[in-house]
Amino acid sequence: MSIQMKEVDRDVRPMNKELFGVFGDTNTFEQYRSPDEFDRVVSGPDLTFGVRSSELDIPGRTTVYEDEAGACVIWGEAYPRSIDGSDPAEWALSEYAAHGTEALTGFNGSFIVVADHEDQSGIVATDSVRSRECYYADTGGTRVFGTDPATVAAAVPTPRVDYEPLLEFLHFGVVFDDRTVLQQVRRIPFDSWLTATDTHEFGRFVYESREFDYAAELAERMRRALERRNDLPGRKGVLLSGGYDSRTILAGISDLDAAYTVGESDSSELTVAEKLATQYGIPHQTLSVDERYLNTDLSTVKYGHGIMESLHIHHAGYMDQFDVDTIYHGGLADTMLRGHFQPITGVEVFDRKCPPYRIDPDPDIANHFAEKFGYLPASEMLSRDTTLFEESGKEFLRRRVDEVLDRWDHRFERLYDGMALFGILNQPSRPFRFQLSDQFVESCVSLDAELIEWHLATPPEHRNTQTYLRALRKLDDNILHHRPPDRPYDSYTFNQIDNFLRRAMPFVSGYQGPWPDRAKLYDQCGLDEKIFSESPDVQELPWRLKLRVNDITTWLDSTIGDNSIDPSDLVQPEDSQTTVGPYGRS
């Protein structure tokens with residue numbers, strides 16, 4: 001593949017909410033952005049930043065403070081653990097002046113902190129799981145940073161595509177670790193902070209298992225996490241499924257005004273969600289599956305930041321139906337509290353895993369994450385002419401997982417904890433939150449610092465659904481009155497047997513999953529003609545891979561203009577494509 005780079009013609013469309021800054025003075029800031037684009041622009045001794053947010057006057061949300069000694073912003077959702085009642089950004093600046101980066105352990109939530117004081121150099125720091133991304137680039141002797149990678153990339157004179165991260169995105173739906181698909185744009189690393197010249201690690205996210213009453217402690221921490229987020233403003237809604245995680249919001253947040261479920265009218269998932277809303281006295285609204293579900297426009301794609309596929313933003317096409325100011329959801333509970341990335345195995349019978357089930361004592365890490373991240377064998381049809389390695393997709397994944405785990409292995413001792421860390425570090429569903437947080441006051445209860453601490457202290461064998469269900473019942477005895485449609489029992493094994501029998505028995509309808517038939521929907525919406533009419537090679541790919549191609553080319557088009565990539569350039573010519581067997585390419 002030979003790609004000709006052209007003059008840049010960018011169509012950068014800013015988010016509704018944004019943090020952008022430079023390690024420099026106000027004049028340096030104005031070389032990149034106009035102060036008129038922001039609600040507040042402040043300058044400290046070492047850096048200047050602008051904030052645009054509708055949440056500036058809401059307790060527990062974005063707040064800015066400056067005085068003659070420095071400036072600070074807490075961007076996102078942050079609840080001080082123990083302060084004297086002063087403004088959180090004012091308190092953070094004072095503590096940072098006295099104690100440096102140790103001051104940032106005093107916050108709980110999903111946030112980015114920028115702090116700059118005459119006694120301490122300016123820094124930009126994430127929370128312990130980097131739940132909000134912050135991007136940076138060095139250009140013209142200045143380091144710029146921000147929450148929108150498109151506006152950070154706009155500061156780079158000639159941005160260039162980085163092809164290995166690009167292939168990660170296409171193979172697995174996510175770019176791993178701290179890279180992006182642009183060579184000059186990086187992300188603040190996991191649990192770290194940024195300075196004018198470097199990045200440094202915190203030591204907040206480290207696995208140290210201990211013995212305690214895991215379910216009782218989880219229930220108490222969940223109760224406090226919900227209480228912290230109970231008084232958010234305006235009309236309050238919840239994204240409600242029939243599963244376990246979102247129903248915790250019903251049990252812990254009072255005065256909910258609406259519950260929304262994306263689903264088909266005859267689906268068992270929707271039926272259970274409606275029953276849950278009735279049980280807790282909340283008006284329910286169905287977001288019907290139609291052409292709005294697969295939203296392929298930049299208005300949705302941009303929330304993947306060019307590093308995650310937008311497919312996870314199931315609700316994006318329905319914004320005109322959301323009559324709320326604050327939105328809650330159960331996102332990331334399966335990852336933080338239920339061992340989503342834990343490898344489970346059983347007895348192999350006719351290519352199926354059958355009971356008894358257990359934690360896999362010798363997991364194939366590459367195969368495990370290939371399944372979790374949505375690896376598609378058809379990605380072997382993608383061109384690799386610009387990469388340094390001759391390897392299959394599975395070999396590519398195995399190498400990258402090894403590289404990332406090697407980098408972070410000082411934070412865990414057990415492989416299962418390392419696999420959980422890898423999943424949290426590279427969680428592919430974050431665009432779901434990024435879109436919500438840009439449109440509403442969004443609250444992710446699962447990212448409460450007390451729950452993250454529970455995750456780090458609980459051994460993998462107890463960080464599972466059984467422990468989680470015991471905790472839920474301590475929150476509300478009736479929370480499981482209406483069971484998830486695919487999980488009529490507490491036992492993982494019994495649920496798997498039940499689902500297997502339903503699929504195998506004639507005249508019995510098996511559980512079809514929470515999402516519609518998206519391959520069928522792709523065809524019904526005529527998306528090949530809409531987005532790939534001039535790329536017949538791309539049309540031969542599976543629907544999900546085609547959506548990833550659209551995601552990345554749409555994002556690159558808007559971000560780097562004519563330096564972007566034509567979708568057809570991403571597919572190998574048919575006469576040079578390799579075949580894919582059980583052991584990789586041939």
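## Gly44 and its surroundings

Gly44 is buried, with a relative accessible area of 17%, which places this glycine under the 20% limit used for buried residues. The model is a predicted one. Gly44 sits in the loop that runs between β2 and β3 (48-52).

Apart from residues up to four places away in sequence, Gly44 touches Ala71 and Asp116. Its C-alpha atom is separated by 7.4 Å from that of Ala69, a residue 25 residues apart from Gly44 along the chain.

## Helix α4

Helix α4 spans residues 163-172, and ten of its ten residues are buried, so the helix is largely enclosed by the rest of the structure. The buried set consists of Tyr163, Glu164, Pro165, Leu166, Leu167, Glu168, Phe169, Leu170, His171 and Phe172. An α-helix has 3.6 residues a turn, so residues three or four places apart point the same way.

The elements against which the buried residues of α4 pack are three helices: α10 (365-373), α11 (393-408) and α20 (543-560). Just after α4 comes Gly173, which takes a positive phi of about 80 degrees.

## Salt bridges around Arg33

Across the whole structure, a search finds 44 salt bridges. Side chains of opposite charge can pair when their charged atoms come close. One such salt bridge joins the side chains of Glu18 and Arg33, at 2.9 Å from N to O. This pair links distant parts of the chain, 15 residues apart: Glu18 belongs to strand β1 (residues 18-22), while Arg33 is in the loop between α1 (26-32) and β2 (40-43).

Arg33 also forms a salt bridge with Glu37, where the closest N and O atoms are 2.8 Å apart. Glu18 counts as buried at 0% relative accessibility, and Arg33 is buried with a relative accessible area of 7%. Glu37, by contrast, counts as partly exposed at 32% relative accessibility. Arg33 therefore pairs with one buried and one partly exposed glutamate.

## The Arg229 and Glu77 network

A further salt bridge is formed by the side chains of Arg229 and Glu77, at 3.4 Å from N to O. The two residues are 152 residues apart and the pair links distant parts of the chain, with Arg229 in the loop between α5 (214-228) and β13 (236-239) and Glu77 in strand β5 (residues 70-80). Both Arg229 and Glu77 are buried.

This pair is part of one network, in which salt bridges that share partners join Lys17, Glu55, Arg61, Glu77, Arg224, Arg228, Arg229, Asp448 and Glu450.

## Arg463

Arg463 is found in the loop between α14 (449-457) and α15 (465-475). This arginine is buried, with a relative accessible area of 3%.

When neighbours within four places in sequence are left aside, the contacts of Arg463 are Tyr207, Met336, Leu337, Arg338, Gly339, Gln342, Tyr416, Asp417, Ala420, Trp454, His455 and Thr458.

## A negative surface patch

Glu264, Asp266, Asp517 and Asp523 form a negative surface patch. Asp517 lies in the loop between α16 (492-504) and α17 (518-524).

Asp517 is partly exposed, with a relative accessible area of 47%. Because patches are made of residues with over 30% relative accessible area and no salt bridge, a partly exposed residue at this value can belong to one.

Conventions
Residues are numbered from 1 along each chain as its sequence is written. This is a predicted model: local features need pLDDT of at least 70, side-chain atom pairs count only at pLDDT 80 or more; totals for chains, interfaces and linings use all residues. Side-chain values use heavy atoms; hydrogens and water are left out. Patches are made of residues with over 30% relative accessible area and no salt bridge: like charges are joined within 9 Å, nonpolar side chains (Val, Leu, Ile, Met, Phe, Trp, Tyr) within 5 Å. Accessible areas come from the Shrake-Rupley method with a 1.4 Å probe; for residues, only the protein chains shown count as cover. A salt bridge is a side-chain nitrogen of Lys or Arg within 4 Å of a carboxyl oxygen of Asp or Glu. Lys and Arg count as positive and Asp and Glu as negative; His and the chain ends are not counted. The place of a charge is taken as NZ of Lys, CZ of Arg, CG of Asp or CD of Glu. Helices (H or I, at least four residues) and strands (E, at least two) are DSSP runs, numbered from the N terminus. Buried means under 20% relative accessible area, exposed over 50%, partly exposed in between (1.4 Å probe, protein chains only). Contact means heavy atoms within 4.5 Å.
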